[in-house]
Amino acid sequence: MFWPGQTGTRAFKEDTGIEPTYRIAAQKVDIGTADEARALVADPADAKGLVPAVAQVKYTHLRGATVREYPRVGDYAEVYADGRRGAKVMGDTGRPKGCADPDEIKDWRNGQSYLLCTTFLIPARAREVEVMWTEIGGEPFTWAF
C-alpha cells in the first residue's frame, strides 16, 4: 500500500510490443459533485448517489525503447471506493488541468513523465478511496487517499 505520490516501478508491455519500464505514482483523486456526475452520463438517473472521482497518476518512462505513440500504460489505473471498483466513465469527460491526452503522446523517451487522468463514478458517501494500477496478471500497486 502506497501513500499519494509514492512510486512503484514495473515493466509494462505496450500494445506495440515494446516493454518499457515505468515509475508509477498516483498523485491525487479529485472528488466531484452529484451535479457533475449527472452531466457525465446519458441518463441522469444512472448517476443517482454517485460522484465523479478523477484519478491523477504520474508515469515516468525510466528505461527501454521509446514509446512511439498511443501509450496504454494509463489505461490500467482504477478507482476503488470502500473496496469496490468505480464505474469508469468513457468518452470526453473533460481533462483536468495538467493531464495529458495519451492519444497525443508521441515519442515518449527515457526520463519523460506524463500525468494521465481517468474518471470513475463512485458512491457519494464513500469513506475509503484508493487508486489501483495493475496490468493483466500482475500484482497491483495500490494508493490510499
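Two strands pair if DSSP finds at least two bridges between them. The views below come from a predicted model.

**View 1. Strands S5 and S6 pair in an antiparallel manner.** Two bridges join S5, residues 77-81, to S6. Ala81 has Arg84 as its bridge partner in S6.

**View 2. Four strands form an open sheet.** The order is S6-S5-S10-S11, and the pairing is antiparallel. S6 covers residues 84-85, and S11 covers 141-144. Both stand at the edges, each with a single partner strand, so one side of each lacks a neighbour in the sheet.

**View 3. Five strands form an open sheet.** Here the order reads S1-S2-S3-S9-S7, again with antiparallel pairing. Which strands stand at the edges? They are S1 and S7, the latter spanning residues 87-88. Each has a single partner strand, so one side of each is left without a neighbour in the sheet.

**View 4. Strand S2 is joined to S1 and to S3.** Four bridges connect S1, residues 8-11, to S2. The two strands run antiparallel. Arg10 stands opposite Tyr22 in S2. Gly8 has Ile24 as its bridge partner in S2. Turn to S3, residues 50-63: 10 bridges join S2 to this strand, and the two run antiparallel. Ile24 has Tyr59 as its bridge partner in S3. Ile24 is thus bridged to Gly8 and to Tyr59.

**View 5. Thr21 lies in strand S2.** The strand spans residues 21-31. Is Thr21 buried or exposed? Its relative accessibility is 10%, so Thr21 counts as buried; the cut-off for buried is under 20%. Leaving out residues up to four places away in sequence, Thr21 touches Thr9, Arg10 and Ala11. Thr60, His61, Leu62 and Arg63 are also among the residues that Thr21 touches.

**View 6. Thr119 is found in strand S9.** S9 spans residues 113-123. Thr119 has 7% relative accessibility and therefore counts as buried. What does Thr119 contact, beyond its neighbours within four places in sequence? The residues are Leu40, Pro52, Ala53, Val54, Ala87, Lys88, Val89 and Thr93. Gly138 is 19 residues from Thr119 in sequence. In space, the two are 22 Å apart, C-alpha to C-alpha.

**View 7. Ring pairs link aromatic residues into a cluster.** The count comes to nine aromatic pairs. Why is the pair of Trp133 and Phe141 stacked? The ring centres are 5.9 Å apart and the planes lie at 25°, so the pair is stacked. The cut-offs are centres within 6.5 Å for a pair and planes under 30 degrees apart for stacking. Trp133 and Phe141 are both buried. The cluster holds Phe2, Phe12, Tyr22, Tyr76, Trp108, Tyr114, Trp133, Phe141 and Trp143.

**View 8. Charged ends sit over the rings of Phe141 and Tyr70.** Which residue places its charged end over the ring of Phe141? It is Arg10, 4.2 Å from the ring centre. Arg10 also stands opposite Tyr22 in S2, and Tyr22 belongs to the aromatic cluster, as does Phe141. Over the ring of Tyr70 sits the charged end of Lys106. Here the distance to the ring centre is 4.4 Å.

Notes:
Residues numbered from 1 in each chain as written. Predicted model: local features only at pLDDT ≥ 70, side-chain atom pairs only at ≥ 80, totals over all residues. Heavy atoms only, no water. Buried < 20%, exposed > 50% of the residue type's maximum accessible area, 1.4 Å probe, protein only. Contact = heavy atoms within 4.5 Å. Phe/Tyr/Trp six-rings, centres within 6.5 Å; stacked < 30°, edge-to-face > 60°. Lys NZ or Arg CZ within 6 Å of the ring centre and 35° of its normal.
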